[in-house]
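Okay, thanks for making the time, everyone. I'll put the structure up and then walk through a few parts of it.

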Amino acid sequence: MEITNEYQAKYAAWLLTHGRGSGIEKMSAVLADAKVDLNPHQINAAVFGIQNPFSKGIILADEVGLGKTIEAGIIITQKWAEEKRKIIIIVPSTLKRQWAAELKDKFYLPVQVVDGGQPFSDRAINIISYNNAYMNEQTLRQMAWDLAVFDEAHKLRNVYQGNVMAESIRTTFAGVFKLLLTATPLQNSLLELYGLVSIIDENIFGDLESFKNNYIYKDNAKELAERLKGICTRTLRRQVTEYIKYTDRYAITQEFAPTEAEKRLYADLTEYIFARSTILKNLPKQLIGMTLLKAMSSSPAALAATLTKLRNTLKSALDKRKKEVEVSFADGTERDAYRSLYLTGEKLKYA
């Protein structure tokens with residue numbers, strides 16, 4: 001079945017849910033028992049992901065909240081049913097357990113959350129963090145993966161700037177069919193889109209200069225959209241309001257005037273961070289300042305808790321450094337270094 005309009009998409013969703021149909025029946029068989037309420041745009045995305053046997057991968061770029069995980073889950077389930085068992089999902093560390101729960105509870109798929117040097121499995125879907133994938137680059141390259149899924153894939157879009165982790169990911173999974181999930185395929189520049197596409201296939205846009213000449217220096221938006229048709233699909237919230245009902249949300253601005261005590265606290269805090277503190281001189285003051293001011297805007301208690309945590313972190317680092325110095329003095333390494341510096345200073349003083 002070729003899906004060309006919303007009515008066919010709805011019908012396809014019904015067919016998949018009830019295990020019937022033709023053309024997409026191979027997906028319906030494996031999804032008949034899945035505990036998910038499929039929406040038409042999710043079926044469109046899943047069909048888009050498996051319809052081209054020569055594709056090297058796709059970007060699922062639906063807006064937040066439209067179920068990219070479900071779309072990926074449909075494709076993963078289909079690959080698993082085809083006995084393609086070497087599947088890996090690379091996600092931010094905080095999302096590993098969430099992905100595992102989604103695949104187990106909604107698609108009844110076996111999963112393995114990989115931590116540290118744990119071996120990869122071909123009897124379960126491997127879920128691993130970006131950092132762990134980077135650390136296990138050599139091991140991952142030796143495995144013939146059937147599918148690699150990248151959640152929050154915008155983390156890889158700066159590959160064109162020489163981002164080390166992104167370049168490692170690209171070379172490690174070269175030749176593997178890839179699903180890139182991101183609600184923000186670009187934010188500041190079309191070059192970010194170029195970077196994401198190059199993760200899938202470096203030949204789609206050619207080299208960086210060719211992309212700049214064709215799409216940065218020229219207004220070729222229509223041509224760019226045409227080139228992306230076979231590799232990227234994106235659904236917006238306003239396109240699905242017919243069958244997904246969103247709660248209307250209205251922002252209310254509440255003005256307030258800080259008390260004199262709050263003003264003094266703000267002044268003392270900013271002065272300490274940016275002027276008086278010698279402890280923070282080698283740390284990123286802008287980031288620390290933003291964190292502390294954000295805590296203060298919540299409540300003085302939240303600020304106190306954050307400052308306490310910062311103090312304990314710095315104290316732990318100081319205690320660790322003291323122990324390292326003590327060990328160095330004990331084995332003579334640092335003692336000899338200080339003695340050498342002292343003698344050098346004495347020689348300079350009398351030269």
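**Strands, core and salt bridges**

Let's start with the sheet: strand β1, residues 57-60, runs parallel to β6, and 4 bridges join the two. This is a predicted model, by the way, so keep that in mind throughout. If you want a spot to click on, isoleucine 59 has leucine 180 in β6 as its bridge partner.

On to the other neighbour. Strand β5, residues 147-150, pairs with β6 as well, again in the parallel sense, over 3 bridges. Here the residue to look at is alanine 148, which stands opposite lysine 178 in β6. To get from β5 to β6 the chain passes through helix α8, residues 164-172, and that β-α-β crossover is right-handed.

So, what about the two faces of β6, covered or not? Both are covered. The strand spans residues 178-181, with Lys178 and Leu180 on one side and Leu179 and Leu181 on the other, and all of them are buried. Yes, that includes the lysine.

Next up, the core. The largest nonpolar core has 36 residues, and the ones with the most contacts inside it are Ile88, Ile90, Phe150 and Phe173. Which elements feed it at least two residues each? That would be β2 (87-91), α6 (130-135), β5, α8, α9, α10 (208-216) and α11 (221-228). The largest share comes from α9, with 7 residues.

Now, α8 turns up on the outside too. Valine 164 lies in that helix, and valine 164 is exposed, at 54% relative accessible area. Together with Tyr134 and Met135, Val164 makes a nonpolar surface patch of about 320 Å².

Okay, salt bridges. By the rule used here, the count comes to 13. I'll show you three of them.

The one I'd zoom in on is between aspartate 115 and lysine 96, whose side chains meet at 2.5 Å, N to O. The two sit in distant parts of the chain, 19 residues apart: aspartate 115 is in the loop between β3 (111-113) and β4 (125-129), while lysine 96 is in helix α5, residues 96-107. Their surroundings are worth a look too. Aspartate 115 is partly exposed at 34% relative accessible area, whereas lysine 96 is buried at 8%. And this pair has company, since Lys96, Arg97 and Asp115 are linked in a network of salt bridges.

Second one: glutamate 192 and arginine 157, with their side chains meeting at 4.0 Å, N to O. Glutamate 192 is in helix α9, residues 190-200, and arginine 157 is in the loop between β5 and α8, so this pair ties together parts that are 35 residues apart in sequence. Buried or exposed, you ask, for glutamate 192? Buried, with a relative accessible area of 7%. Arginine 157 is buried as well, at 8%.

Last one, for contrast in setting. Lysine 315 and aspartate 319 form a salt bridge with their closest N and O atoms 3.1 Å apart. Both lie in helix α14, residues 300-330, and they are 4 residues apart, about one turn of the helix. Aspartate 319 counts as partly exposed, at 29% relative accessibility.

That's my tour. Happy to rotate to anything you'd like to see again.

How values were computed
Residues are numbered from 1 along each chain as its sequence is written. This is a predicted model: local features need pLDDT of at least 70, side-chain atom pairs count only at pLDDT 80 or more; totals for chains, interfaces and linings use all residues. Side-chain values use heavy atoms; hydrogens and water are left out. Buried means under 20% relative accessible area, exposed over 50%, partly exposed in between (1.4 Å probe, protein chains only). Two strands pair if DSSP finds at least two bridges between them. A crossover is right-handed if, with the strands pointing away from the viewer, the path from the first strand over the helix to the second runs clockwise. Patches are made of residues with over 30% relative accessible area and no salt bridge: like charges are joined within 9 Å, nonpolar side chains (Val, Leu, Ile, Met, Phe, Trp, Tyr) within 5 Å. Accessible areas come from the Shrake-Rupley method with a 1.4 Å probe; for residues, only the protein chains shown count as cover. A nonpolar core is a set of buried Ala, Val, Leu, Ile, Met, Phe, Trp, Tyr and Cys residues joined through side-chain atoms within 4.5 Å.
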